[in-house]
Amino acid sequence: MHGLETDPALNEALGGTVKVELEKPLAAIEVTGGPCLPDFLITAARPGAYDHLPGGPGQARHRGRFDPRDRARYVVEVMGSGDPEYEEKKKVTHARMRRIGPVFRMEGGRFGSHDNPLRRQRERIAAAIADDLTRRWKAR
C-alpha cells in the first residue's frame, strides 16, 4: 500500500522496509462461517523475513511462507451504499472477513468529497496498519 514501504518512522521502528502486496481477490475465500470476497487484501511482510533464505525466495525463516509472525493481512472493503439492508448483510460478511485480518472500511460515495476524499481514506488506513505493524513487530 502506498506509503507503508516508504514510511521512514515505520522503517526505523521495525529496522527495515516492510514489503507490502495489494491484492484484488477474484474468487471467494473460504473461512469458518462461510465464504467471503474482500474488495482488497493487503499483506505486509516483516522486514527481512523473506530475504536471503535457504530454499529460495518466498520461504520464511524455517516457519513456512504464511507464518503470522512474519506477515500480517488486512482486508479493505469499499462500501457503496448506506442502505440499512445492505449494511446488515455486510455485517455478516465483515465478521467472516475478520478471520482473514482486521477489516478497514472505505466509503466509495465519498471518494470525491472535500472532507473525506479517497486520499484521506487511504492515508487513514495506512496509518492504522503502520501502528498495528509497529505493535506486532517492534520488539523483534
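**Sheet, helices and salt bridges in a predicted model**

The protein chain contains 3 helices and 6 strands; helices (H or I, at least four residues) and strands (E, at least two) are DSSP runs, numbered from the N terminus. This is a predicted model, in which local features need pLDDT of at least 70 and side-chain atom pairs count only at pLDDT 80 or more, whereas totals for chains, interfaces and linings use all residues. Residues are numbered from 1 along each chain as its sequence is written, and side-chain values use heavy atoms, with hydrogens and water left out.

Colleague: In what order do the elements of the protein chain run from the N terminus on?

Modeller: The elements to be placed are 3 helices and 6 strands. Read from the N terminus, their order is α-β-β-β-β-β-α-β-α.

Colleague: In what order do the 4 strands of the open sheet stand?

Modeller: Two strands pair if DSSP finds at least two bridges between them. Strand 1 (residues 19–23) and strand 4 are antiparallel over 5 bridges, and strand 4 is joined to strand 5 (residues 71–79) by 6 bridges, also in the antiparallel sense. Strand 5 and strand 6 run parallel, with 5 bridges between them. The pairing is thus mixed, and the order of the open sheet is 1-4-5-6.

Colleague: Which strands stand at the edges of this sheet?

Modeller: The order of the open sheet is 1-4-5-6. A strand at the edge has a single partner strand, so one side of it is left without a neighbour in the sheet; this applies to strand 1 and strand 6.

Colleague: Which residue is the bridge partner of V78 in strand 6?

Modeller: Strand 5 and strand 6 are joined by 5 bridges and run parallel. In strand 6, V78 has as its bridge partner M106.

Colleague: How many of the 6 residues of strand 4 are buried?

Modeller: By relative accessible area, buried means under 20%, exposed over 50% and partly exposed in between (1.4 Å probe, protein chains only). Strand 4 (residues 40–45) is largely enclosed by the rest of the structure, because the number of its residues that are buried is 5 of the 6.

Colleague: What angle does the direction of helix 2 make with that of strand 5?

Modeller: Axes are lines fitted to C-alpha atoms, for helices over the stretch in contact (heavy atoms within 4.5 Å), and angles run from 0 to 180 degrees between N-to-C directions. Helix 3 (residues 118–137), for its part, lies across strand 4, strand 5 and strand 6 at about 155° to strand 5. Helix 2 packs on the sheet, touching strand 5 and strand 6, and its angle with strand 5 is about 170°.

Colleague: Which strands do the buried residues of helix 2 pack against?

Modeller: Helix 2 comprises residues 84–97, and its buried residues are E87, K90, T93, H94 and M97. H94, with a relative accessible area of 9%, is buried and touches E77, M79 and V103, residues up to four places away in sequence not being counted. The buried residues of helix 2 pack against strand 3 (34–36), strand 5 and strand 6 (103–107).

Colleague: Which residue forms a salt bridge with K90?

Modeller: A salt bridge is a side-chain nitrogen of Lys or Arg within 4 Å of a carboxyl oxygen of Asp or Glu. K90 counts as buried at 17% relative accessibility, and E77 is buried at 0%. K90 lies in helix 2 and E77 in strand 5, so the pair ties together parts that are 13 residues apart in sequence. With the closest N and O atoms 2.9 Å apart, the partner of K90 is E77.

Colleague: What N to O distance is found in the salt bridge of E88 and K91?

Modeller: E88 and K91 are separated by about one helical turn, because they are 3 residues apart in helix 2. E88 is partly exposed at 46% relative accessible area, whereas K91 counts as exposed at 52%. Their side chains meet in a salt bridge with an N to O distance of 3.1 Å.

Colleague: Which residues are joined into one network by salt bridges that share partners?

Modeller: The side chains of E107 and R105 meet in a salt bridge of 2.5 Å, N to O. E107 counts as partly exposed at 24% relative accessibility, as does R105 at 32%. Through shared partners, the network joins E87, R105 and E107.

Notes. The expected span of a helix is 1.5 Å times one less than its number of residues.
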